[in-house]
Amino acid sequence: MRFHHPSVTPPPFLAIVIWFAIWLLAPLAQAQASRPDTPRSDYPHDIRRIIERGELIVAMPNTDTPPFFFFKDGEMQGVDAELARGLAQALKVKIRFNRSAKSFNEVINVVARGEADIAICKLSRTLTRARTTLFSDPYLVLRHVLLLNRMRFAELSKGQEPAFVIRQFRGSIGIIANSSYADFARQDFPLAKIVEFPGWQEVVSALKRGELDAAYRDEFEIKYLLKKDPRSSLLLRTVTLTDTEDSLGIAVAAGNYQLLGLTNLYLAQRPQKLNVEKILKLIDSPSYE
Amino acid sequence: MNNLTDTWRKLASSPSAVIVSLLAGIALGLLSPRLAKEIGFIGDIYVDLLKMTILPFMVSAVIFSLRRLFQEGGTSRILGRIVVIFIVTMLITAVVGLLSALIIAPGSNLSTDTMLTLGKLVGDDLTSSGHLEIPLSEIAEPKKTASFGEALLSIIPSNIFSALTHGEALKALIFSLLFGLAIGHVPSKTSESLTQTLETVYHACQKLTHWFNYLLPLVLFSMVASQVGKTGLEPMQAMLRFLLALGAGTLVIIALSLWGLRWSSQLPWREVLRSQREPLTMAIATRSSPACMPSMIESLVDRLHFPRTRVELVVPLGVSLLRLGPVLYYVIATFFIAQMYGRELQTAEIFVVLIASILAGFASSGMTSGFITISLTSIVCTYISLPFEAALALFVAIDPVCDMLRTLILVASNNAFAALACKRSSAPA
């Protein structure tokens with residue numbers, strides 16, 4: 001880009017000199033490239049803002065959600081933290097994490113208020129959220145899973161076909177308050193009684209104690225739960241809903257279309273696409289302890 | 001020559017030969033699971049050979065004996081006795097299961113290690129442990145449950161040849177009963193030739209069984225080795241208390257059966273025990289009660305001197321309908337699940353379990369696969385709203401052993417049943 005080969009064939013010795021010059025200057029040029037770009041007037045406003053600031057602000061909630069994002073060894077780690085770093089690199093700026101939000105929905109507010117440029121934190125793309133922020137293309141698609149307490153479900157179904165009982169679910173379903181599944185549960189099971197809990201731990205223990213008939217979340221969290229404690233399989237039963245989709249995307253502040261376009265291109269160009277199995281394998285690797 | 005084969009046959013079913021082949025099989029299964037799995041085909045060949053003879057044997061025995069019985073008279077008396085014994089023995093078995101489950105409490109206070117192993121077994125078995133993958137949006141339709149009429153319809157053979165082709169023993173039995181009844185009404189001059197033909201078939205089948213049984217110790221060895229090689233001992237250890245409860249119940253039923261045999265035959269204990277050696281060994285080796293029928297009939301007729309015509313009718317009837325093994329299994333399995341989930345059963349619920357287990361026992365008639373037999377536990381569980389799917393994975397893992405125990409009960413109790421039903425009013429001298 002910066003160095004053009006002469007279009008006319010030069011005398012041999014001149015060619016050697018030029019070749020040497022290029023060779024010598026190459027490292028310098030690279031150093032130039034890694035320095036923050038000087039903002040150019042032809043950049044759109046969203047990109048110019050980030051480059052002028054010299055850092056990309058990424059919102060994440062203050063609760064760790066390994067292996068997606070968690071604080072360890074003095075820095076943010078995980079699948080989502082890696083994605084955020086890659087994006088900052090593409091913009092040639094530094095990265096800063098804003099972890100002021102206490103829930104997933106609050107993260108959306110942080111972005112909507114302009115306190116962060118983007119949010120990457122296992123965010124589900126929901127219609128409610130899409131009112132205030134833009135969403136990138138999905139970088140991971142999960143299915144919804146209804147996790148049943150076997151005892152309570154046996155009482156609820158009274159020998160009827162399980163699929164029939166699930167499609168007309170009239171029991172209680174526990175979800176995390178202000179999460180995407182609060183929306184999904186009401187949408188997918190209009191007859192059920194939805195019970196909100198502050199966190200996933202609370203949902204699972206209430207389900208195991210038999211205070212709930214079911215819990216609702218994505219297939220990754222459910223598989224992770226059963227993997228962590230195999231005993232749960234005796235007590236709990238999973239129903240994966242094959243025609244549901246929980247697509248995780250990157251939230252981008254309203255009106256930041258250039259940033260959104262860049263984000264989508266960045267996601268599309270990643271060589272390694274994510275899926276549930278890959279992420280479950282990550283948990284087994286020692287760095288995610 | 002005949003002497004030699006007789007001695008070998010006696011030796012093949014002697015207790016020491018049985019124990020040695022069992023232990024050797026377990027040892028091989030543990031030491032070299034791969035080799036053990038490879039020799040499993042020997043046992044399969046044996047069971048298939050025996051199964052080959054089941055249908056012709058049963059059909060000829062039932063038709064033949066029913067015709068004779070009709071000519072001798074006394075059919076209604078024996079049928080009345082059969083119904084009474086059916087009800088009484090089923091109830092006794094259910095109560096034995098209840099006591100065994102309450103005393104041994106197989107599912108209570110399981111250790112953390114055991115729960116972990118069980119949880120892993122359930123988690124690994126995604127197909128039978130009830131984990132579902134379904135679309136949410138499909139139109140929900142309640143599944144129709146089979147009515148009593150439909151259940152009855154399913155045991156009547158609309159085409160006897162199709163029933164025979166598909167090995168549906170219960171349908172074949174119903175046909176034979178009706179056919180035998182009809183032949184009893186045909187003038188004996190006309191039916192004589194058919195009776196002779198049937199008797200030939202019957203004896204030929206019995207002869208075949210004799211020949212196959214020369215291989216009994218080898219079969220036992222290969223069957224046990226391949227089973228141990230396939231499942232390993234871990235599931236067995238985790239389900240040890242369940243197996244203990246089932247084993248204790250089995251022992252009680254076998255003891256009661258032997259006592260019943262002794263009481264109705266009026267023969268010394270030694271004779272009674274010796275007569276049951278071969279049928280019980282075959283029960284362990286084949287895990288198929290119909291395959292043991294020829295040996296059961298022989299033990300009752302030749303060794304305990306019960307009238308042949310009656311025994312030949314009552315044994316196939318009992319093996320098909322008097323399902324004490326599954327009944328005991330259903331009671332203990334249901335209690336195991338209730339105890340595992342910490343559910344206290346009320347008195348009324350306990351009664352429901354006992355009655356539902358007996359009904360499920362009837363429903364297991366003619367079920368040839370162990371998987372279907374154990375999955376009928378869900379009938380009982382549904383009545384008292386217990387979840388069955390998780391436990392199914394556990395029961396499947398240990399079923400080779402349970403199947404063996406169920407078959408032992410079926411063989412022992414049906415011998416006793418036949419003896420009680422065929423007992424002459426005056427005891428033989």
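**Notebook: buried residues, cores and sheets in a predicted model**

I began with H18(B), whose buried residues (under 20% relative accessible area with a 1.4 Å probe, protein chains only; exposed is over 50%, partly exposed in between) are B:Glu349, B:Ile350, B:Val353, B:Leu354, B:Ala356, B:Ser357, B:Ile358, B:Ala360 and B:Gly361. I note that this is a predicted model, in which local features need pLDDT of at least 70 and side-chain atom pairs count only at pLDDT 80 or more, while totals for chains, interfaces and linings use all residues. Residues are numbered from 1 along each chain as its sequence is written, chains are lettered from A and ligands numbered from 1 in the order in which they are written, and side-chain values use heavy atoms, with hydrogens and water left out.

**Entry 1: helix H18 of chain B**

I looked up the extent of H18 (helices are DSSP runs of H or I with at least four residues, strands runs of E with at least two, numbered from the N terminus). H18(B) covers residues 347-363, 17 in number, and reaches 24 Å from its first C-alpha to its last. This is close to the 24 Å expected at 1.5 Å a residue, the expected span being 1.5 Å times one less than the number of residues. I found that the cover over its buried residues includes H5 (75-104), H17 (324-340) and H20 (377-383) of chain B.

**Entry 2: the nonpolar cores**

I then examined the cores (sets of buried Ala, Val, Leu, Ile, Met, Phe, Trp, Tyr and Cys joined through side-chain atoms within 4.5 Å). The largest has 121 residues, and those touching the most other members are B:Tyr46, B:Phe242, B:Leu300, B:Val315, B:Tyr329, B:Ile337 and B:Phe395. Helix H21 (residues 389-422) of chain B gives the most to this core, with 19 residues. Apart from it lies another core, of 51 residues, including A:Val58 and A:Leu142.

For B:Ile337 I listed contacts (heavy atoms within 4.5 Å), leaving aside neighbours within four places in sequence: B:Cys381, B:Leu386, B:Pro387, B:Phe388, B:Ala391 and B:Phe395.

**Entry 3: two buried polar side chains**

B:Asp399 is found in H21 of chain B and is buried, at a relative accessible area of 8%. Its side chain makes a polar contact of 3.2 Å with that of B:Arg406. I take a polar contact as a pair of N or O atoms within 3.5 Å; within protein, one must be able to donate a hydrogen and the other to accept it, and residues adjacent in sequence count only if both atoms are side-chain atoms.

B:Tyr202 lies in helix H10 (residues 188-212) of chain B and is buried, at 2%. The side chains of B:Tyr202 and B:Glu312 are joined by a polar contact of 2.8 Å. Among the other contacts of B:Tyr202 beyond four places in sequence are B:Phe57 and B:Arg308.

**Entry 4: the sheets**

In chain A, I traced an open sheet of five strands in the order E4-E1-E5-E12-E6, with mixed pairing (two strands pair if DSSP finds at least two bridges between them). E4 (94-98) and E6 (133-135) stand at the edges with a single partner strand each, so one side of each has no neighbour in the sheet. E1 (residues 55-59) runs parallel to E5 (residues 118-119), joined by two bridges, and A:Ala59 stands opposite A:Ala119.

A further open sheet, of six strands, has the order E9(A)-E8(A)-E10(A)-E7(A)-E11(A)-E1(B) and mixed pairing. Here E8 (residues 172-176) of chain A and E9(A) run parallel, joined by five bridges, with A:Gly174 opposite A:Val195.
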